[in-house]
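Here are some notes for a colleague opening this entry for the first time. Please read them with the model on screen.

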Protein chains: 2
Amino acid sequence: MPRPTRTASKSRRAYHHGNLRRALLDEALATIRAEGVEGVTLRDIGARLGVSRTALYRHFADKRALLAAVATEGFRMLRERLVAAWEEGNRGDDAFHAMGVAYVQFAVDNPSHYRVMFGGFVDAQARDPELGTEARGAFQALVDAVVALQRDGVFLAEDAVLMSTHTWALVHGVAMLAIDGQLPGPADVDALMRYSFRRLRTGILVNTGTSRVACAPG
Amino acid sequence: MPRPTRTASKSRRAYHHGNLRRALLDEALATIRAEGVEGVTLRDIGARLGVSRTALYRHFADKRALLAAVATEGFRMLRERLVAAWEEGNRGDDAFHAMGVAYVQFAVDNPSHYRVMFGGFVDAQARDPELGTEARGAFQALVDAVVALQRDGVFLAEDAVLMSTHTWALVHGVAMLAIDGQLPGPADVDALMRYSFRRLRTGILVNTGTSRVACAPG
DNA sequence: ACCTGAACACCGTTCAAGT
DNA sequence: ACCTGAACACCGTTCAAGT
């Protein structure tokens, strides 16, 4: 396949002439990974790319737009992980658990990136429609799994969105506590996830409800 | 009761001579409420208090220490709300639900403050021991309720800390989604909380487990 | 179109100096 | 002890100017 007629040129870097946006995104993400969001400065990113510190404004409205793009990419990655876990687990009950584990694992592996995704971008979503689209896409992966499990009679036949949001809140909560260091140790993340998903399925209440009263005890 | 021998003095503000720390804390919190964390600048706070912008360093090591103190106060407030909900609800099953509602309500009422409390202060806890103490105190209010409900045979007699952490993760997740605007509307917060607590108690799984197989269907 | 470089209006923090 | 004011080393963003 012939490359575009554009020559390789004498520019010091390959990301000139069109892929500077991509390079800015990659550099921002690398910095976020290494130092957290507060380590991201437009000057450093420009310098690291051998580019003026104002070159960024050709591709992003401002710093927040850059971070919104990073967040958008995060949701895209997250959705891929969720879908992969669901499909590789053969779309059953265990696969649902695997999705939850994959979700928390993504947060633990990319804590700073995850934080940018949920860093109070209430209006970032309004400013950057693609962010909302991608976030909804990741959520949809969860809804799809819930719907499938409801169809198969594994999960209760309730409002799938409500059930999915409930599940999302749980894994989101576990993820946040994990990356915030609120859990004693890293081994506790696994233990909590195992417990949480068991109880997500069966609840924490002692079984004295109407559905059991009709049964003989034992 | 006689006031301390310190005179009212001619100082323009009452918070000189000992309560500047308190004033700094209040001013920081007010700014956080009004503009979010990123609106907090030491210069503005100093100016608003009629004090040099470096006066703060007499009471806090740096800006992060100030924010850690704000977070500490947040956990103290949160614990009070939780305990109040638990006791006013007469320490029963409904009171547990009320605690959850109070938790989410605190986050919704004080979104920026709540975010400071969970803003990735992994090591802030190490730097500021009081923060960890107060955070653990709020969590303990939840554990106490779980233990009481287990004693009364309402909740499963499992590891109370694990069960509490599971519950905490759920309400934390709901709270984060709510203040992040990830939920369609404010009415959905209530609906989600009702659903989530019902399912926290009873689970989302169809009841075909061993305990029900023994029963006649229907 | 794309990038530059100087300039502007901000930051947190340090430190010698005052009382 | 407590506070000040100048100074330092940073920020994001704007804008006229270059190619």
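Which polar backbone atom is 3.2 Å from a phosphate oxygen of DNA strand D? It belongs to A:L42. Keep in mind that this is a predicted model. The points below start with the two protein copies and then turn to the DNA.

1. **How the copies are related.** Start with chains A and B. A rotation of 180° superposes chain B on chain A. The shift along the axis is 0.0 Å, and the RMSD is 0.0 Å. The two copies are thus related as by a two-fold rotation axis.

2. **The shared surface.** Take the interface residues of chain B. Of these, 100% are also interface residues in chain A, so the copies meet through the same surface.

3. **The α8 pair.** Look at residues 160-179 in each chain, which form helix α8. The α8 helices of chain A and chain B pack with their axes 7 Å apart. The angle is about 105°. α8(A) and α8(B) are therefore roughly perpendicular to each other.

4. **What meets in α8.** On the chain A side, the residues in contact include A:T165, A:W168, A:L170 and A:M176. On the chain B side they include B:H166, B:A169, B:H172 and B:L177. How many nonpolar, polar and charged residues does the contact have? It has 12 nonpolar, 8 polar and no charged residues.

5. **Around DNA strand C.** There are 15 residues around this strand. A:S52, A:T54, B:R43, B:T54 and B:Y57 come nearest, so to speak from both chains. Sugar and phosphate account for 50% of the strand C atoms that come within 4 Å of the protein. By class, the surface near strand C has 6 nonpolar, 5 polar and 4 charged residues.

6. **Polar pairs on strand C.** Check the base side and the backbone side in turn. A polar side-chain atom of A:T54 lies 3.1 Å from a base oxygen of DNA strand C. For B:Y57, a polar side-chain atom lies 2.8 Å from a phosphate oxygen of DNA strand C. B:K63 uses a polar backbone atom, 3.1 Å from a phosphate oxygen of DNA strand C.

7. **Around DNA strand D.** Here too there are 15 residues around the strand. Those that come nearest are A:R43, A:T54, A:Y57, B:S52 and B:T54. Sugar and phosphate make up 50% of the strand D atoms within 4 Å of the protein. The surface near strand D has 6 nonpolar, 5 polar and 4 charged residues.

8. **Polar pairs on strand D.** Besides A:L42, look at A:K63. A polar backbone atom of A:K63 is 3.1 Å from a phosphate oxygen of DNA strand D. For a base, turn to B:R58. An N or O atom in the B:R58 side chain is 3.3 Å from a base nitrogen of DNA strand D.

Key:
Residues are numbered from 1 along each chain as its sequence is written. Chains are lettered from A and ligands numbered from 1 in the order in which they are written. This is a predicted model: local features need pLDDT of at least 70, side-chain atom pairs count only at pLDDT 80 or more; totals for chains, interfaces and linings use all residues. Side-chain values use heavy atoms; hydrogens and water are left out. Copies are superposed by least squares on the C-alpha atoms of residues with pLDDT of at least 70 in both. Contact means heavy atoms within 4.5 Å. Axes are lines fitted to C-alpha atoms, for helices over the stretch in contact, and angles run from 0 to 180 degrees between N-to-C directions. Helices (H or I, at least four residues) and strands (E, at least two) are DSSP runs, numbered from the N terminus. Angles under 35 degrees count as roughly parallel, over 145 as roughly antiparallel, 65 to 115 as roughly perpendicular and the rest as oblique. Ala, Val, Leu, Ile, Met, Phe, Trp, Tyr, Cys and Pro count as nonpolar, Asp, Glu, Lys and Arg as charged, and the others, Gly among them, as polar. A residue is near a molecule or strand if one of its heavy atoms lies within 4 Å of it. A polar contact is a pair of N or O atoms within 3.5 Å; within protein, one must be able to donate a hydrogen and the other to accept it, and residues adjacent in sequence count only if both atoms are side-chain atoms.
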